[in-house]
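I opened this entry to work through one chain, starting from a single backbone detail and moving outward.

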Amino acid sequence: MRRRYKPYPFFSPTSLLSSLLRRRRRRHRSGATTAGERHGLRRINLDGLRWRVFDAKGQVLGRLASQIAVVLQGKDKPTYAPHVENGDMCVVLNAKDISVTGRKMTDKIYYWHTGYIGHLKERRLKDQMEKDPTEVIRKAVMRMLPRNRLRDDRDRKLRIFSGNEHPFHDRPLEPFMMPRRQVREMRPRARRALLRAQKKEQDRAAAASTKDEENAKNAKSEITA
């Protein structure tokens, strides 16, 4: 006789909607009176945290995301520990004015799957910037963070806004200064090629100047003769 397995519990859309509405009513009854509760900061321990403000206008996406990831993890502090969450709050402004290098605006593609067979979705970076530019920076930052239990807390500390307006004016905000870009030293082969090209250009210029001098002397001798 074939054994029958108990089916998995199925939640209908109406039951899910009712649970969400109950949760919303419960949250409304609790009374979010403070600014932190209104903006979803109740789960974050704000004692001793600094509020760092990042201006994304004209910044390269990857370099900005790497600096935000460092601040979120607290790696810029002497008290950093990989198992302790002591990162600062990060407020990112002007996400719509972020810039990328190369042809990433048209070549970079975000993929996700709906769960149905053959439903692999894709969206280019250009379309994502038009739809929601804050999600571009969030994805770049979250993919630089380690996947552990501290990931959700760090995600709550990241607040991104597409424009210059934000609701945290009552907080002690500190503008973050992007470090100067360190240009990597040129490789020996590329340096030798550059020196050869410079020497070739100098020889060509010297040959052209000597030729001009000879032409001038010949013309002068012809005039005197």
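I started at Gly 74, which sits just after H3 and takes a positive phi of about 80°. The model is predicted, so I read every value here as computed from it.

**The helix before the glycine**

Next I checked H3 itself. H3 has 13 residues. I got 18 Å from its first C-alpha to its last, close to the 18 Å expected at 1.5 Å a residue.

Which residues of H3 are buried? I listed Leu 61, Leu 64, Ala 65, Ile 68, Ala 69, Val 71, Leu 72 and Gln 73. I then looked up what these buried residues pack against. Their partners are strand S1 (51–55), S2, H6, helix H7 (151–156) and S5.

**The cores**

I turned to the largest nonpolar core and found 25 residues in it. Phe 54, Ile 68, Val 92, Ile 137 and Leu 158 have the most contacts inside this core. Which elements give two or more residues to it? I noted three helices and two strands: H3 (61–73), H5 (125–131) and H6 (133–142), with S2 (89–93) and S5 (158–160). H3 gives the most, with seven residues. As background, nonpolar side chains tend to be buried together in soluble globular proteins.

I also logged a second, separate core of ten residues. Ile 44, Trp 51, Met 89 and Leu 93 are among its members.

Then I took Phe 54 and set aside its neighbours within four places in sequence. Phe 54 is in contact with Leu 64, Gln 67, Ile 68 and Val 71. Its contacts also include Cys 90, Val 91, Val 92 and Leu 93, and Phe 176 as well.

**The largest pocket**

I looked for open space next. The largest pocket holds about 180 Å³. Ten residues line this pocket. Which of them lie nearest its centre? I wrote down Arg 63, Gln 67, Met 178, Pro 179 and Arg 181. By type, the lining divides into three nonpolar, four polar and three charged residues. Gln 67 came up twice in my notes: it is in contact with Phe 54, and it is in this lining.

**The whole chain**

Last, I stepped back. I counted eight helices and six strands. Along the sequence they run α-α-β-α-β-α-β-β-α-α-α-β-β-α. The chain has 225 residues, and buried residues make up 24% of them. I also checked contacts between residues at least 6 apart in sequence. Of these, 66% join residues at least 24 apart.

Key: Residues are numbered from 1 along each chain as its sequence is written. This is a predicted model: local features need pLDDT of at least 70, side-chain atom pairs count only at pLDDT 80 or more; totals for chains, interfaces and linings use all residues. Side-chain values use heavy atoms; hydrogens and water are left out. On a 1 Å grid over the protein atoms alone, a cavity is a set of points where a 1.4 Å probe fits but cannot get out, and a pocket is an open set with protein on both sides within 12 Å along at least five of seven lines; lining residues have an atom within 4 Å of a point. Grid points are joined across faces, edges and corners, and a volume is the space filled by probe spheres set on the points. Ala, Val, Leu, Ile, Met, Phe, Trp, Tyr, Cys and Pro count as nonpolar, Asp, Glu, Lys and Arg as charged, and the others, Gly among them, as polar. A nonpolar core is a set of buried Ala, Val, Leu, Ile, Met, Phe, Trp, Tyr and Cys residues joined through side-chain atoms within 4.5 Å. Buried means under 20% relative accessible area, exposed over 50%, partly exposed in between (1.4 Å probe, protein chains only). Helices (H or I, at least four residues) and strands (E, at least two) are DSSP runs, numbered from the N terminus. Contact means heavy atoms within 4.5 Å. The expected span of a helix is 1.5 Å times one less than its number of residues.
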